[in-house]
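Welcome! Here is a short, friendly briefing to help you find your way around a new structure. Please have a look at it first, and then read on.

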Amino acid sequence: MILLVTLAIPLAGALALLLPRTRFLPDEESVRRYGAAVTGLVLLTTVAVAAAFDHGDPRRMQLEVDWSWAPAIGLRFHLGVDGVSLPLVVLTALLTFLCSIYTLRHPPAEGSARLFTGLVLALQVGMLGTFLALDLLLFFVFFEVVLIPMYAVIALWGGPGRRAAAYKFILYTLLGSGLLLVGLLLVAVNAGTLDMVALAERHGRGLTPAVQIAAFALIGLGLAIKVPMWPLHTWLPDAHTEAPTVGSVLLAGVLLKMGTYGLVRIALPAAPEGAELWAPWLGLCAVIGIVYGSLACLAQRDLKRLIAYSSIGHMGFVLLGIATLTPVGVNAALFGNIAHGLITGLLFFLAGAVKERYGTGELNALGGGMLTAAPRLASFLTFAAVASLGLPGLAGFWGEMLALLGAYRPAAGLPRETFVTFMAVGALGAVLTAAYFLRLLATITHGRTERPAGSVAALTRAEYAAWVPLVVLTLLVGLWPKLLLDLTTAPVRALLGGG
């Protein structure tokens, strides 16, 4: 029942904000504190989930809730957690809590705090539900829940181009949702079940090769828009650039992971023959995205836009790992998901802090010398950039290295020469990643500045509280990758049909 409580808390918290104003929430500051308290309680429940989880058997679905919801169509309210979903559940709760802590001192510039807090809590319900759902239609319902709240966050609290960015976000993701729904129904009708656990155990049995090929294409395209995969990525830079800081953190840290998680949880085990056919094409799009994202970063002049394009490259490594159809590659993808959530979430927090203090995110306008004018802010930014470029010993290294290793030895039946080429191109992308992050640091942290030392506003306690946990976890996961790999290895082998 603890999983049900985990979903019920943010849902009840969001619904409570619809009640008339009371003396308990008389002003916007009290509403923001309320949001921090609710998301903190959700984080505590996910920690309890992690504590109750049997880490000795991570491949087994645990703490399940399985209720009949719509018997006429076989729809069940089925929740559960295994080693694949547990890290993402904790990451979602953590980032949402840190965003709430950040807004205590750095609220959005305008608009109702009640509405903003309610939207964030609604987002949390959808994000957590996506990672906990074990029924295809329930997965789709939670997958869709996040769209309207994120659209509203961008459209109401974003930058000057927020409306266009929000429209682009909703149109792309609704298109992906339509494709995803058709693919899920194709699997369900032909397999005779909506149960994701049963589909994973069958590993394609009962579905003809033609159905698997069509289903993987539809589900894969629908989820690829959310990742986003090149060339379906064009909504992401605009959405990130215009979104408020909290919106960018949750979009990069969690929403993008919903697409890659769906590929691993649903598409690979339900349609293995389709996966084998489409894997080289998925790998091709992945490595194009890696190089394209890196080259685009080298051309950017805005800090948030640069970080947004870097996400396209980093998620390309995640997709490359999935395309190898090997335990090494898929483990790399799941590791990369968590690493990207931690590091890029931190980068967007820092981008918001830079713009708040300097009044701009334009690199040329920022100039150099941040290490002199704002040494602590520059130190956080340097750490995040170095982690994102994949320095060994930090979280960003393992996902990309293991994805390249998986490409060197792809699954039997895949063209090895093609994937070795993908590995070489991906390695070039890793070099370009280092180039644009080092260029970024050289541009804004080093060199001379007209601002005297300490002239930029000091970091607030809310900023330290939001950033330090991400720094600590980036170090912890980077130094002890076994923490994540021990959780994901056994369930990944089961999802790939390895028992």
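This predicted model holds four cavities of 30 Å³ or more. The largest cavity has a volume of about 150 Å³. From there, the points below move on to the nonpolar core, a loop threonine and the cysteines.

**The largest cavity**

- A total of 16 residues line the largest cavity, and those nearest its centre are His 314, Gly 336, His 340, Gly 396 and Glu 400.
- Helix H13 (303-323), H14 and helix H18 (395-408) are the elements that each give two or more residues to this lining.
- H14 gives the most to the lining, with seven residues.

**The largest nonpolar core**

- In soluble globular proteins, nonpolar side chains tend to be buried together.
- Here the largest nonpolar core has 178 residues, and the members that touch the most others are Leu 79 and Trp 467.
- Helix H14 (residues 327-358), already met at the cavity, also gives the most to this core, with 17 residues.
- If you set aside residues up to four places away in sequence, Leu 79 still touches a good list of partners, including Leu 3, Leu 4, Leu 7, Leu 63, Val 65, Leu 132, Ala 133, Leu 134, Leu 138 and Phe 142.
- Glu 64 is also one of the residues that Leu 79 touches.

**Thr 360, in the loop after H14**

- Thr 360 sits in the loop between H14 and helix H15 (363-366).
- Is Thr 360 buried or exposed? Its relative accessible area is 19%, and the cut-off for buried is under 20%, so Thr 360 counts as buried.
- The side chain of Thr 360 reaches the backbone nitrogen of Glu 362 at 3.0 Å.
- Apart from neighbours within four places in sequence, Thr 360 is in contact with Val 354, Lys 355, Ala 365 and Leu 366.

**The cysteines**

- A disulfide is a covalent bond between the sulfur atoms of two cysteines.
- How many disulfides are there in this model? The count comes to zero.
- Why does Cys 297 have no such bond? The closest cysteine sulfur, in Cys 285, is 19 Å from the sulfur of Cys 297, too far for a bond, because a disulfide needs the two sulfur atoms within 2.5 Å.
- Cys 297 is buried, at 0% relative accessibility.
- Cys 99 is buried too, with a relative accessible area of 1%.

Conventions: Residues numbered from 1 in each chain as written. Predicted model: local features only at pLDDT ≥ 70, side-chain atom pairs only at ≥ 80, totals over all residues. Heavy atoms only, no water. Core = buried A, V, L, I, M, F, W, Y, C linked by side-chain atoms within 4.5 Å. Buried < 20%, exposed > 50% of the residue type's maximum accessible area, 1.4 Å probe, protein only. Helix = DSSP H or I, 4+ residues; strand = E, 2+ residues; numbered from the N terminus. Contact = heavy atoms within 4.5 Å. Polar contact = N/O pair within 3.5 Å; in protein donor to acceptor, adjacent residues only side chain to side chain. 1 Å grid on protein atoms, 1.4 Å probe; cavity = no way out; pocket = protein on both sides within 12 Å on 5 of 7 lines; lining within 4 Å. Points joined across faces, edges and corners; volume = space filled by probe spheres on them.
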